[in-house]
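The following exercises ask the reader to work from individual strand pairings up to the dimensions of the whole chain. Each task is followed by a solution in steps.

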Amino acid sequence: MGNKEIDTGQSLFEEFPPVSREEWEKVIEEDLKGADYRQKLKWETGEGINALPFYRREDMDELEHTRPVPPPDKEKNEWQICQPIFGQDVTRANETARNAIERGAEALQFQFHVQRTEGGLGGDLQGTAIQSQKDFRELLNKVALEDVTLHFDSGLGTPVLMALLHNELKQRNVHPDSVQATFLYDPYSYIAIHGQLPKPEGRLLDEAAQMVSFCDQNLPGVRCLGIDGRTWHEAGATITEELALALATGSEYLAKLSEQDCPVDAIASRIHFRLPIGSNYFLEIAKFRAARVLWEKVVEAYKPDEEKSSQTYIHGETSRWNKPVYDPHTNMLRTSTEGMSAAIAGCDSITINPFNLSYQQPDEFGQRIARNSQIIFKEEAYLDQVYDPGAGSYYIEMLTDKIAAAAWQQFQEIEKQGGIFKALKHGTIATVIRGSVEKRNRAIAERGRIFVGINQYPNPDDRMADKFDSEYRAVSLKESDRDVEIDQGRIVNSLADQFEAGAQLGDVIPGLFDHGKQLFRNIQPYRGTDAFEQLRLATERHPETPTVLMLPLGDRKMRKARSTFAANFFGCAGYDIEDPLGYENIEEAITAVKEQQPDIVVLCSSDQEYTELVEPMCKQLQSLDKQPIAVLAGDPGERIESYMEAGIEAFIHRKSNVLETLKEFHQKLGIELN
């Protein structure tokens, strides 16, 4: 080889003869002993599609979505590093924002949620406490608005923040063309969560139409209509349901606002997607790619005048649904892979949430790790240097097509009902999502879906009850002594005038909300780990932590496997686990029980040896002054009744519903669940 010249004109692939699909499948069939791999190895994702273990070039021939999917005006896979800004105090939020920009952030995300209780006085505000023009000015003090994209999680308070931004640009003499921002105005998400209209539908549509017009005239770089896919995701929807509902929201804007005499191009140019990034790495890459393809299809149906109107802005944000409280540092791994999938998928901007967001207001360490993950993606992994990195991967292309097809079918079902508003009104969306929630929760409870540190491989010594902190505390709205009246016919301009004249947030909120009497079936955001975490928290708050003693006897291999399984099982409830190497006989095991006085003992051995061990072991346990709950590790099969008659109170094995079984143990031990 040392003296052999290399023919650079020869393809290296010529060294390897092609292998046909039939040859591959023959080898797979032999390995599976004749089983059909399409059934045996099919991945039932739980996300609305199923996938096979491999795909080949010929599978691409019938696909619709094999072209690159990022916007054609991009020369490479560029995205903005977005940092969420937490905390209420505007001065502190400003310091955090400036620090983030100095350390690599290219966009800022602010939380601003206002609500007014029907029939009540005042209201409350969660997020950064922007209550006046002065507060808004302080929030963005020394932030170069021309260089940083602003993302506002503003909900129904969007007209307020648009007015404040408009005034700020005028005060600074900044040209609006140079400012980029998004406002997450999504009334359909509000209806889904709160179960009622914040104001009559006609007023909502008129407000949205006015905001589109205001942006056309005053804020050309602003996208004021949001599509909040996080709502559906965090309520338990599958990927295909999430995408279908996001498309339905966008279609509703296009349909209803065009009836308000808004041009389709103007509406489409004000829409952006805020989509969550889940933990299914390849599926999430495919989801974002499918979103662009399908949105283009939706917009084209409304016949825009300009081709670029079908392009959209997609902001990816790491999911909160799958971020546990316990063993929180594992969330760094989750957010890193999620952020990577969004980057590969071609998002325009990405928020990686801090690892500790689930239980406290993130500190500087959590924010730095989250921000630096994206910097590594760019500066070390060079994920921003390749146009559409996922293109050409048969697997990703197939997943993109499958997700697109399934989501499109579900979107069409919503459209047949008259659109997302009518589907919410009829309760069909809530019904579909609750069906998905039941499947997800069952999979988590039975450990078909694994959360490391929660329902599998827990750290029983982890204590979190005293570490909880509210990520946002609600504050009362401030009011001035002014007599404020909002002109509903020019709502953003009117708000801008009022704030410039000194109005406070509490003065204008009554004009933004007018709750109707009609109630809708709502959905509930939650985290997938909630149920297991409630078990752990209840254990922590109990006066004494229950102890579990393993009783490994007999066959060394089986007793070790089953004691490890049982320790993992009861560790999910936060019990103290004692897992000795093993005992030589029943007498030695009983001596250990007498010494340690456990609340639960778990007999760990082989199925064959159980027939000889169960009865004498139970007799010995029943003779003790303090009798522990006797558990057998393994499926007893036909012997269940005889073992229970002997004194075994519970059986734990791979078919067990871990969550429900642990709830039963809580009840036996007197541990109260909230």
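**Exercise 1.** Which residue in S17 is the bridge partner of Ala633?

*Solution.* The model examined here is predicted. Strand S16 covers residues 629-633 and pairs with S17 in the parallel sense, over 3 bridges. Within this pairing, Ala633 has Ile652 of S17 as its bridge partner.

**Exercise 2.** State the strand order of the open sheet of 5 strands, and identify the strands at its edges.

*Solution.* The order reads S14-S13-S15-S16-S17, and the pairing is parallel. Strand S14 (576-578) and strand S17 (650-652) each have a single partner strand, so one side of each is left without a neighbour in the sheet. From one strand to the next, the twist averages 25 degrees.

**Exercise 3.** Determine which strands helix H22 lies across, and give its angle to S15.

*Solution.* Helix H22, residues 607-622, lies across strand S13 (547-552), strand S15 (600-604) and S16. Relative to S15, the helix runs at about 160 degrees.

**Exercise 4.** Assess whether the radius of gyration of the protein agrees with that of a compact globule.

*Solution.* For 674 residues, a compact globule would have a radius of gyration near 26 Å. The protein has 29 Å, which agrees. Its C-alpha atoms fill a box of roughly 85 × 80 × 55 Å along the principal axes. Of the 674 residues, 55% count as buried, that is, under 20% relative accessible area. Among contacts with a separation of 6 or more, 79% are between residues 24 or more positions apart.

Note on methods
Residues are numbered from 1 along each chain as its sequence is written. This is a predicted model: local features need pLDDT of at least 70, side-chain atom pairs count only at pLDDT 80 or more; totals for chains, interfaces and linings use all residues. Side-chain values use heavy atoms; hydrogens and water are left out. Two strands pair if DSSP finds at least two bridges between them. Helices (H or I, at least four residues) and strands (E, at least two) are DSSP runs, numbered from the N terminus. Axes are lines fitted to C-alpha atoms, for helices over the stretch in contact, and angles run from 0 to 180 degrees between N-to-C directions. Contact means heavy atoms within 4.5 Å. The radius of gyration is taken over C-alpha atoms; the globule rule is 2.2 Å times the number of residues to the power 0.38. Buried means under 20% relative accessible area, exposed over 50%, partly exposed in between (1.4 Å probe, protein chains only).
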